[in-house]
Amino acid sequence: MDLITDGLKKAMEMILTGDKEIFEITWLTLRVCFMAIVISSLIGLPLGMFLGLSRFKGRKLLLVFINIGMGLPPVVAGLWITMLLWRSGPLGHLQLLYSPTAIVMAQVLVSLPIVTGLTSSAFQQISEKMLLQIKALGATKLQTFSILLKQTRVAILAAIMAGFGRVIAEVGAAMMVGGNIQGDTRILTTSIVMEVSKGNFDVALAISFILLTAALLITAALTLLQQRKRLS
Amino acid sequence: MLKNRFFATLFVFMVLLLSACGNTDNKQADASDKQKEPKAEPTELILATTTSTQDSGLLDVLLPIFEEENNVKVKTIAVGTGQALEMGTKGEADVLLVHAPKSEEELVTSGDAINRKRVMYNDYILVGPNDNPAGVSGEDTKAAFQKIFEVKANFITRGDDSGTHKKELGIWTAATIEPTGDTYISTGQGMGASLQIANEKGGYILTDRATWLAQEKNLTNLKIVVEGGQDLMNIYHVMQVNPEKHDMVNSKDAEKFVEFMVDSKTQDVIETFGKEEFGQSLFIKYTE
């Protein structure tokens, strides 16, 4: 129990005294996670929409792969990205390994299937009758699109939140492709792992509280956005 | 209207997120402003090293000096010696700081590493449970290992091909024992984590002294049982990855790093490191 109160105290101390390193690590974590989730959303939402609404040969197979991808172990993603980015690998000339960009790549790999999969199931829920009705009322393509988006708003934001939860909690891949380099690729989760292996449990606990607070604030913001004006 | 407002909000949110991502450059600019004089973009050097140099905090002291002097950004990848050496043979790192002399020599022979220089040493120690079920003590490591194996006391091994793991296997071989069974517990993790497991499970474990001293405060169930034996010396070498064999290697800064590590000023820093906190040096200078 002492350890927990020590950790909380340490966290407060780090935040209140403006510990520069912890601030930088938190900031990097947020930047990397936002970048990953924005990319995943930009690709995953339209893709999920398309997969949910259209019917074509091979669609079911594609959905199977996306659903497997939703459970892709981050360590596997990390290993693949590492091998891709090795100096001796296909993208080695870009010198991206052990950089924040590499972490973003790994996180996109684990969050993209989640965003895509959840979006596509949301669009599969839309009834055929409604689509017909929209058409019958003479809506333009753009109007149809925005009506559908509005219909699935809650589910889309849920997809984004699930993806975000995945990336902010991610540690295995970030450790592998980022290397936990001080002042460069050290993020909150990898710091926790390192502090634990150094035996600094109080610091590790303190960082865990900071990570949870950040996750809480962001998820709360997204939830408010999701639940806003539900009656409209 | 409401519909539009929702999308407007979502749009603003996205833009905010993107701008948060875009701030990287400003931040880096701020950081370099703090160094006052405008400098050229620092070159990057990948250092593959062992967990002990990072977990002990030595690198936190040394690297800023080197980075400042040479305008280099050192990217430290702290892994087991086995993985560090593998990164050397693959050309994934530029310079190595490791402690497994035998395996290092293989790299030099194969031509993957050049310019190998001795840097420092400390020693390994055998720690064990406070009640010392195998009743071992003194200097004779081999005898201690035999005793532990005979009484079937828990022995924790890192099992990760690290320098410490290689050392431990060497001692088992010297004692003509092949460690097996339920009491030989392989963690597959770094020194710090393995020590904690030994602490929880009440087992013996071979560790480098630096990590032990840095973590002693958490390891209340363990104490040093065997130390000081000739076979427990832990020697660190620094070496460059051969640029002729791997074309993307940053050999210019790697060479500077090797020189830096054996420089007498650096050696003094190494020897004073930890004295204040632990009352003894964690690493002793030991150049050729």
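**Entry 1: B:Leu59**

I began with B:Leu59, which I located in helix α4 (residues 58-70) of chain B. I note at the outset that the model is predicted. I then asked whether B:Leu59 counts as buried or exposed. Its relative accessibility is 4%, and buried means under 20%, so B:Leu59 counts as buried.

I next looked up the contacts of B:Leu59, leaving aside its neighbours within four places in sequence. The residues in contact with B:Leu59 are B:Leu47, B:Thr49, B:Thr53, B:Gln54, B:Pro64, B:Thr76 and B:Leu97. For one of these, B:Thr76, I recorded the separation from B:Leu59: 17 residues in sequence and 8.7 Å in space, C-alpha to C-alpha.

**Entry 2: Two residues with positive phi**

I turned to backbone angles. A:Tyr98 is not a glycine, yet its phi is positive, at about 60°. I found A:Tyr98 in the loop between α4 and α5 of chain A. With a relative accessibility of 5%, A:Tyr98 counts as buried.

In chain B, I noted B:Asn132, which has a positive phi of about 45° and is not a glycine. Where does B:Asn132 lie? I placed B:Asn132 in the loop between β4 (113-129) and α7 (141-150) of chain B. The relative accessible area of B:Asn132 is 13%, and the limit for buried is under 20%, so B:Asn132 is buried.

**Entry 3: Chain A as a whole**

I then considered chain A in full. How many helices and strands does chain A have? I recorded eleven helices and zero strands. Read along the sequence, the pattern of chain A is therefore written with α alone: α-α-α-α-α-α-α-α-α-α-α.

For its extent, I noted that the C-alpha trace of chain A spans about 65 × 50 × 25 Å along its principal axes. Chain A has 232 residues, of which 48% are buried. Its accessible surface comes to about 11,600 Å², and carbon and sulfur atoms account for 71% of this.

I also looked at contacts in chain A between residues at least 6 apart in sequence. Of these contacts, 74% join residues at least 24 apart.

On confidence, I recorded an average pLDDT of 91 for chain A, with 98% of the residues scoring at least 70. Within chain A, confidence is lowest in helix α1 (residues 2-16), at a mean of 84. It is highest in helix α5 (residues 100-124) of chain A, at 96.

**Entry 4: The second largest pocket**

I went on to the second largest pocket, whose volume is about 880 Å³. Its lining holds 30 residues. Which of them lie nearest its centre? I listed A:Met175, B:Ala78, B:Val79, B:Gly80 and B:Gln83.

I then asked which elements supply at least two residues of this lining. From chain A, I noted α4 (74-85), α9 (172-178) and α10 (188-198). From chain B, I noted α3 (51-55), β2 (72-78), α5 (81-90) and α9 (191-201). Sorted by class, the lining of this pocket has 14 nonpolar, eleven polar and five charged residues.

**Entry 5: Cavities**

Last, I looked up the cavities. The count comes to five cavities of 30 Å³ or more. The second largest cavity has a volume of about 60 Å³.

I recorded the lining of the second largest cavity as B:Ile148, B:Phe149, B:Ala153, B:Phe155, B:Trp172, B:Thr180, B:Thr183 and B:Tyr184. By class, this lining divides into six nonpolar, two polar and no charged residues.

How values were computed:
Residues are numbered from 1 along each chain as its sequence is written. Chains are lettered from A and ligands numbered from 1 in the order in which they are written. This is a predicted model: local features need pLDDT of at least 70, side-chain atom pairs count only at pLDDT 80 or more; totals for chains, interfaces and linings use all residues. Side-chain values use heavy atoms; hydrogens and water are left out. On a 1 Å grid over the protein atoms alone, a cavity is a set of points where a 1.4 Å probe fits but cannot get out, and a pocket is an open set with protein on both sides within 12 Å along at least five of seven lines; lining residues have an atom within 4 Å of a point. Grid points are joined across faces, edges and corners, and a volume is the space filled by probe spheres set on the points. Helices (H or I, at least four residues) and strands (E, at least two) are DSSP runs, numbered from the N terminus. Ala, Val, Leu, Ile, Met, Phe, Trp, Tyr, Cys and Pro count as nonpolar, Asp, Glu, Lys and Arg as charged, and the others, Gly among them, as polar. Buried means under 20% relative accessible area, exposed over 50%, partly exposed in between (1.4 Å probe, protein chains only). Contact means heavy atoms within 4.5 Å. Accessible areas come from the Shrake-Rupley method with a 1.4 Å probe; for residues, only the protein chains shown count as cover. pLDDT is the predictor's confidence in each residue, from 0 to 100.
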